[in-house]
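Work through the exercises below with the coordinates open. Try each task before you read its solution.

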Amino acid sequence: MKSTNRTPVIAANWKMHKTIEEAVCFVKGLIPLILNVPVKVYVAPPYTALHSSAVAARNSPVVIGGQNMNDENEGAFTGEISANMLKDAGAEFVILGHSERRHLFNETNDFIRRKVKKALSKKLQPLLCIGETKQEREEEKTEQILKQQLEESLGDISPEEMETIILAYEPVWAIGTGSPALPKEVQVIHHFCRQLVRQKWGADTAEKVIIQYGGSVHPQDVKELMELPDVDGVLVGGASLTLDLFNQIIHYSR
Ligand code: PGA
């Protein structure tokens, strides 16, 4: 057993998948399965299914959130969505800095930092993703990249704000490949990230902050990952699209 007061968070990132009907059906099916689990369960549907998913999740333990947002309140930003709009649709958290946003849509640490600040100011819980590419890993730059992403994406937020943020370590080379990072490596990196939080925001904050692992998490790997001292949950893409697989991940300790 690991000794921590942190309640793990298991989150589904549906990316560009699911119609409104599919999302609602999933959420309604999930609720009775998770009534007594010792973890928090988060689901990030696509924008179109956000409101109906939030309605389906009302008064249940399922927490609904967005997959991204813009840092502006409103304006001429075709295709973008604001923190207020996410909240209006029923979102309680927002994934920021996902590697697909960083690499496919050229999002910079500075842009992500502005989004984190905006989300905090609107009481939307940021779930900030960080992670190195295959090339950065091969060049042994993992720690340098993670430090830079953390420092530049979080900026000068307070320890109280930092405690509300969920960090997700997602090695880009493991996402969607079917092969997660090795647990031993994951623990080293998570410990490194917690040390960075400790140095900047203090020991109390570092003890409280949730650090998830993400990247090809499947039912067969999750127990070993969740037992690592510095892993406080998982962020799941592909395997979160199927209710049975996601449910097995949530019930990893059974
Ligand atoms: P994956 O995606 O579980 O399909 O690897 C994880 C993520 O991108 O958040």
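**Exercise 1. Find the salt bridge between Arg-113 and Asp-110, then place both residues.**

Solution. Step one: the side chains of Arg-113 and Asp-110 form a salt bridge, at 2.6 Å from N to O. The rule asks for a side-chain nitrogen of Lys or Arg within 4 Å of a carboxyl oxygen of Asp or Glu. Before going on, note that this is a predicted model, where local features need pLDDT of at least 70, side-chain atom pairs count only at pLDDT 80 or more, and totals for chains, interfaces and linings use all residues. Residues are numbered from 1 along each chain as its sequence is written, and side-chain values use heavy atoms, with hydrogens and water left out.

Step two: Arg-113 and Asp-110 are three residues apart in helix α5 (residues 109–121), so about one helical turn separates them. Helices (H or I, at least four residues) and strands (E, at least two) are DSSP runs, numbered from the N terminus.

Step three: Arg-113 is partly exposed at 26% relative accessible area. Asp-110 is partly exposed as well, at 37%. The classes are buried under 20%, exposed over 50% and partly exposed in between (1.4 Å probe, protein chains only).

**Exercise 2. Examine the salt bridges of Lys-134 and Glu-107, then look for a network.**

Solution. Step one: Lys-134 pairs with Glu-138, and their closest N and O atoms are 3.1 Å apart. The two are four residues apart in helix α6 (residues 134–138), so they too are separated by about one helical turn. Both Lys-134 and Glu-138 are exposed.

Step two: Glu-107 meets Arg-101 at 3.0 Å, N to O. Glu-107 is buried, with 8% relative accessible area. Arg-101 is partly exposed, at 21%.

Step three: a network of salt bridges links Arg-6, Arg-194, Arg-198, Glu-207, Asp-230 and Asp-232. The structure holds 18 salt bridges.

**Exercise 3. How many aromatic pairs are there, and which residues do ring pairs link into a cluster?**

Solution. Step one: apply the rule. Rings of Phe, Tyr and Trp (its six-membered ring) pair if their centres lie within 6.5 Å; planes under 30 degrees apart are stacked, over 60 edge-to-face, and the rest tilted. The count is four aromatic pairs.

Step two: take Trp-14 and Phe-26. Their ring centres are 4.7 Å apart and their planes stand at 70 degrees, so the pair is edge-to-face. Trp-14 belongs to the loop between β1 (9–13) and α1 (20–30), Phe-26 to helix α1, and these positions lie twelve residues apart in the count along the chain. Trp-14 is buried at 0% relative accessible area, and Phe-26 is buried at 5%.

Step three: Phe-26 also pairs with Phe-246. Here the centres are 6.2 Å apart and the planes at 45 degrees, so the pair is tilted. Phe-246 lies in helix α12 (residues 243–250) and Phe-26 in helix α1, so the pair ties together parts 220 residues apart in sequence. Phe-246 is buried, at 0%.

Step four: join the pairs. Trp-14, Phe-26 and Phe-246 form a cluster linked by ring pairs.

**Exercise 4. Which charged side chains sit over the rings of Phe-111 and Trp-173?**

Solution. Step one: set the test. NZ of Lys or CZ of Arg must be within 6 Å of the ring centre and within 35 degrees of the ring normal.

Step two: Lys-115 lies over the face of Phe-111, 4.3 Å from the ring centre.

Step three: Arg-137 has its charged end over the ring of Trp-173, 3.9 Å from the centre.

**Exercise 5. Describe the largest pocket by its volume and its lining.**

Solution. Step one: define the pocket. On a 1 Å grid over the protein atoms alone, it is an open set of points where a 1.4 Å probe fits, with protein on both sides within 12 Å along at least five of seven lines; lining residues have an atom within 4 Å of a point. Grid points are joined across faces, edges and corners, and the volume is the space filled by probe spheres set on the points.

Step two: the largest pocket holds about 450 Å³ of space. It is lined by 19 residues, and Lys-15, Met-16, Gln-67, Arg-101 and Phe-105 are the closest to its centre.

Step three: helix α4 (residues 99–104) gives the most to this lining, with three residues.

Step four: sort the lining by class. It has nine nonpolar, six polar and four charged residues. Ala, Val, Leu, Ile, Met, Phe, Trp, Tyr, Cys and Pro count as nonpolar, Asp, Glu, Lys and Arg as charged, and the others, Gly among them, as polar.
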